[in-house]
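Here are some questions and answers for a reader meeting this structure for the first time. Please look over the sequence and the model before reading on.

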Amino acid sequence: MIKAITGTKDILPEDIQKWVYLENIVHKVMNNFNYKEIRTPIFEETKLFKRGIGEATDIVSKEMYTFLDRSETSITLKPEMTASVVRALIEHSLDKQQQINKLYYLAPMFRQERPQAGRFRQFHQFGAEALGSTSPSLDAEMIIMAYQIFQKLGLSKITLKVNSLGIPSSREAYKDLLRSYLADKVNDMSEDSKSRYKTNILRLFDSKDERDQKIMERAPLLLDHLDDESREHFENVQDLLNKANIPFEIDPKLVRGLDYYTHTTFEIVSDSVGAQSALCGGGRYDLLVKEIGDRDVPGVGFAAGIERILLACENEGVLPERENRIDYYIVRLDKELNNEVFQIATNLRAKNQTVEIDYTLRSVKAQMREANRLGAEKVLMLGGEEYERGKAVLKDMNTGEQTEVELSEFLKK
Ligand code: HAM
């Protein structure tokens, strides 16, 4: 028996309505903020992600689906969209056509993580990127947009956390400070943290290890060592969030798992989905475009995990009931009328009606049962002496009322 690959999931017809419901809200909100949809290929050259996300990150160092194609090019299934969007922006000189590009996406992503509830190897994100301005208004806009989507979905057990990572110069100075604070403690930390101490010291704040957490509790915080420009930027973002009535917490330990951030970072976490609680994450990345391309274009963005959000919606009981209805079911009273039933169905379908018929020569009783199961609004019964008189019986399934209709008239309507 061949099965779906570990960490991947089929989205079956019974689940699709939830996905479409969420996708429609995403399209609507993104449209309200005037973001334009972008679609990029599912794979890219590996070096794009290495350069963009950072070699020392978990994503690049251990989670990417990377392979050589037949022409020996190293290819990677995209683990995130930001690097791809930036690549597309540069490749098509979108930044030269207009100063600010506000883009959004819905797409599958691939990371070879250990699967568990809310963590998959193929998962889906929606997200947005605004490129071309350092204005804190765009940081705030991004956060508000993400928050509004969650509000529209009816999620209430969520917390917005924000932080600032400042600019590289103040961050580098702070890292030195952190390094010296930890110098005589790092030997007591977990193996992971020992190696991150050398490669990616900020990530020590993310450690789940209790010993590490104890040590990090007293560590100096980047937020207390920001330069004036970064502090001002961050205060401006907070001010805009306050004015928009968006509740948030400042989390000075929010460092995020990708290397490209400067200034604002944020996450929205849920209390209702267990360990994988981050529904969405993002921040500003003013140096990424230069890292990937040849010019300076500042950016800010976020991405949200659709599987996790739907799980949160389910757990909070805020998804609309599954709709189960069709416009017509055509019941065939006489077996000989098979082709006539088919023809009428085709005719109605061409008129934008959702129509189902029987394909298995079932009894009239079984066909009526099927009409009920499918939530048919109306049943058209074809056969008997009515049919010979050019008529059919139309039953309204809500009221039970039956009327005789002239078939040719009915089909003309
Ligand atoms: P990220 O935090 O790596 O950020 O991912 C964003 C969201 O994707 C997470 O909060 C989570 O909901 C979902 N996610 C990540 N990995 C998995 C997984 N294995 N299974 C299920 N869901 C997952 C980014 O990807 C950045 N590109 C966000 C960004 C955009 N920053 C600036 N612009």
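Helix α4 and its surroundings

In this predicted model, the buried residues of α4 pack against β2 (43-45), α2 (46-53), α5 (94-97), β5 (101-110), β6 (122-131) and α11 (288-292).

Q: How many of the 10 residues of helix α4 (residues 82-91) are buried?
A: Buried here stands for a relative accessible area under 20%. The buried residues of α4 are Thr82, Ala83, Ser84, Val85, Val86, Arg87, Ala88, Leu89 and Ile90. The helix is largely enclosed by the rest of the structure because the buried residues number nine of the 10.

Q: Which residue with a positive phi follows α4?
A: Most residues other than glycine have a negative phi. After α4, by contrast, comes a residue with a positive phi, near 50 degrees, and this residue is Ser93.

Q: Which helix gives the largest share of the largest nonpolar core?
A: The largest nonpolar core has 95 residues, and those that touch the most other members are Met30, Tyr35, Phe126, Leu178, Leu182, Phe302 and Ile309. The largest share of this core, 11 residues, is contributed by residues 136-153, that is, by helix α6.

Q: How many residues are in the other core that lies apart from the largest one?
A: Tyr328, Ile330, Ala345 and Phe410 are among the members of this other core. In soluble globular proteins, nonpolar side chains tend to be buried together. The core that lies apart from the largest one consists of 16 residues.

Q: Which residues are in contact with Tyr35, leaving aside its neighbours within four places in sequence?
A: Tyr35 is one of the residues that touch the most other members of the largest nonpolar core. With those sequence neighbours left aside, the contacts of Tyr35 are Met30, Lys102, Leu103, Tyr104, Ala128, Glu129, Ala130, Leu138, Glu141, Met142 and Met145.

Q: Is Asn34 buried, exposed or partly exposed?
A: Asn34 is found in the loop between α1 (13-32) and β1 (36-37), and its phi is positive, about 60 degrees, although it is not a glycine. Its relative accessible area is 44%, and values between 20% and 50% count as partly exposed. Asn34 is therefore partly exposed.

Q: Is Arg256 buried or exposed?
A: Arg256 has its place in the loop between β8 (249-250) and β9 (262-270), and its phi is positive, near 70 degrees, in a residue other than glycine. Because its relative accessibility is 13%, Arg256 counts as buried.

Q: How many charged residues are in the lining of the largest cavity?
A: The largest cavity has a volume of about 30 Å³ and is lined by Asn163, Leu165, Tyr174, Leu202, Phe205, Leu222, Pro252 and Val255. By class, seven of the lining residues are nonpolar and one is polar, while the number of charged residues is none.

Q: How far apart do the C-alpha centres of domain 1 and domain 2 lie?
A: The protein chain is divided into domain 1 (13-167 + 227-316) and domain 2 (326-412). The distance between their C-alpha centres is 49 Å.

Q: What separates the C-alpha atoms of Gly317 and Glu406 in space?
A: Gly317 is found in the loop between α12 (306-316) and β12 (326-332), and it is exposed, with a relative accessible area of 61%. Along the chain, Gly317 and Glu406 are 89 residues apart, and their C-alpha atoms are separated by 46 Å.

Methods. Residues are numbered from 1 along each chain as its sequence is written. This is a predicted model: local features need pLDDT of at least 70, side-chain atom pairs count only at pLDDT 80 or more; totals for chains, interfaces and linings use all residues. Side-chain values use heavy atoms; hydrogens and water are left out. On a 1 Å grid over the protein atoms alone, a cavity is a set of points where a 1.4 Å probe fits but cannot get out, and a pocket is an open set with protein on both sides within 12 Å along at least five of seven lines; lining residues have an atom within 4 Å of a point. Grid points are joined across faces, edges and corners, and a volume is the space filled by probe spheres set on the points. Ala, Val, Leu, Ile, Met, Phe, Trp, Tyr, Cys and Pro count as nonpolar, Asp, Glu, Lys and Arg as charged, and the others, Gly among them, as polar. A nonpolar core is a set of buried Ala, Val, Leu, Ile, Met, Phe, Trp, Tyr and Cys residues joined through side-chain atoms within 4.5 Å. Buried means under 20% relative accessible area, exposed over 50%, partly exposed in between (1.4 Å probe, protein chains only). Helices (H or I, at least four residues) and strands (E, at least two) are DSSP runs, numbered from the N terminus. Contact means heavy atoms within 4.5 Å. Domain bounds come from an automatic or database domain assignment.
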